[in-house]
Amino acid sequence: MGVEKAPTAKGKQAASGLRKAAANDEKKTEREMGHDLAKGAKRFEERARSSDGKSAGAKQK
């Protein structure tokens, strides 16, 4: 749920805090790795690969 769609003020505050925490964690991970994490479609493909190394698209063919 997005920050704007939260039904209560407390929910909006919690959503905002979660979003900030996730952004900070991503920045920390990128610093430790020494490069940016993949974004968008590249990130989806990276996460979709299984232990056999095949991507989700290759498995569906």
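A search of the whole structure, which is a predicted model, finds two salt bridges. One of them pairs the side chains of Glu 26 and Lys 39, with a nitrogen-to-oxygen distance of 2.9 Å. Glu 26 belongs to helix 1, whereas Lys 39 sits in the loop between helix 1 and helix 2 (40–48), so this pair ties together parts of the chain that are 13 residues apart in sequence. The other salt bridge brings together the side chains of Glu 30 and Lys 39, at 2.8 Å from N to O. Through shared partners, the salt bridges join Glu 26, Glu 30 and Lys 39 into one network.

The members of this network were examined for their exposure to the surroundings. Lys 39 is partly exposed, with a relative accessible area of 44%. Glu 26 is also partly exposed, and its relative accessible area is 24%. Glu 30, by contrast, has a relative accessible area of 15%. Because the cut-off for a buried residue is under 20%, Glu 30 counts as buried.

The surroundings of Glu 30 were then considered. This residue lies in helix 1. When residues up to four places away in sequence are left out, Glu 30 touches His 35, Asp 36, Leu 37 and Lys 39. With Leu 37 there is an approach to the backbone: the side chain of Glu 30 reaches the backbone nitrogen of Leu 37 at 3.1 Å. The side chain of Glu 30 is thus placed at the backbone of Leu 37 as well as in a salt bridge with the side chain of Lys 39.

Glu 26 is likewise found in helix 1. Leaving out residues up to four places away in sequence, Glu 26 touches Leu 37, Lys 39 and Arg 43. The side chains of Glu 26 and Lys 39 also make a polar contact, at 2.9 Å. Glu 26 and Leu 37 are eleven residues apart in sequence, and their C-alpha atoms lie 7.9 Å apart in space. Leu 37 is therefore among the residues touched by Glu 26 and among those touched by Glu 30. For the helix that carries both glutamates, a general point of geometry applies. An α-helix has 3.6 residues a turn, so residues three or four places apart point the same way.

The wider arrangement of the chain was also described. The secondary structure comes to three helices and zero strands, and read along the sequence the pattern is α-α-α. Helix 1 covers residues 9–33 and holds 25 residues. At 1.5 Å a residue, helix 1 should span 36 Å, and the C-alpha atoms at its ends are 36 Å apart, which agrees with the expected span. Just after helix 1, Gly 34 takes a positive phi of about 85°.

Ser 16 is a further residue of helix 1. Ser 16 is partly exposed, with a relative accessible area of 26%. The C-alpha atoms of Ser 16 and Glu 4 are separated by 9.3 Å, and these two residues are twelve places apart along the chain.

Across the chain as a whole, 10% of the 61 residues count as buried. The area exposed by the chain is about 5300 Å², of which carbon and sulfur atoms supply 53%.

Confidence in the prediction was assessed by pLDDT. The chain averages a pLDDT of 81, and 79% of the residues score at least 70. Within the chain, confidence is highest in helix 1, at a mean of 91, and lowest in helix 3 (residues 56–60), at a mean of 67. Both glutamates of the salt-bridge network, Glu 26 and Glu 30, lie in helix 1, the part of the chain where confidence is highest.

Methods
Residues are numbered from 1 along each chain as its sequence is written. This is a predicted model: local features need pLDDT of at least 70, side-chain atom pairs count only at pLDDT 80 or more; totals for chains, interfaces and linings use all residues. Side-chain values use heavy atoms; hydrogens and water are left out. Helices (H or I, at least four residues) and strands (E, at least two) are DSSP runs, numbered from the N terminus. Buried means under 20% relative accessible area, exposed over 50%, partly exposed in between (1.4 Å probe, protein chains only). Accessible areas come from the Shrake-Rupley method with a 1.4 Å probe; for residues, only the protein chains shown count as cover. The expected span of a helix is 1.5 Å times one less than its number of residues. pLDDT is the predictor's confidence in each residue, from 0 to 100. A salt bridge is a side-chain nitrogen of Lys or Arg within 4 Å of a carboxyl oxygen of Asp or Glu. A polar contact is a pair of N or O atoms within 3.5 Å; within protein, one must be able to donate a hydrogen and the other to accept it, and residues adjacent in sequence count only if both atoms are side-chain atoms. Contact means heavy atoms within 4.5 Å.
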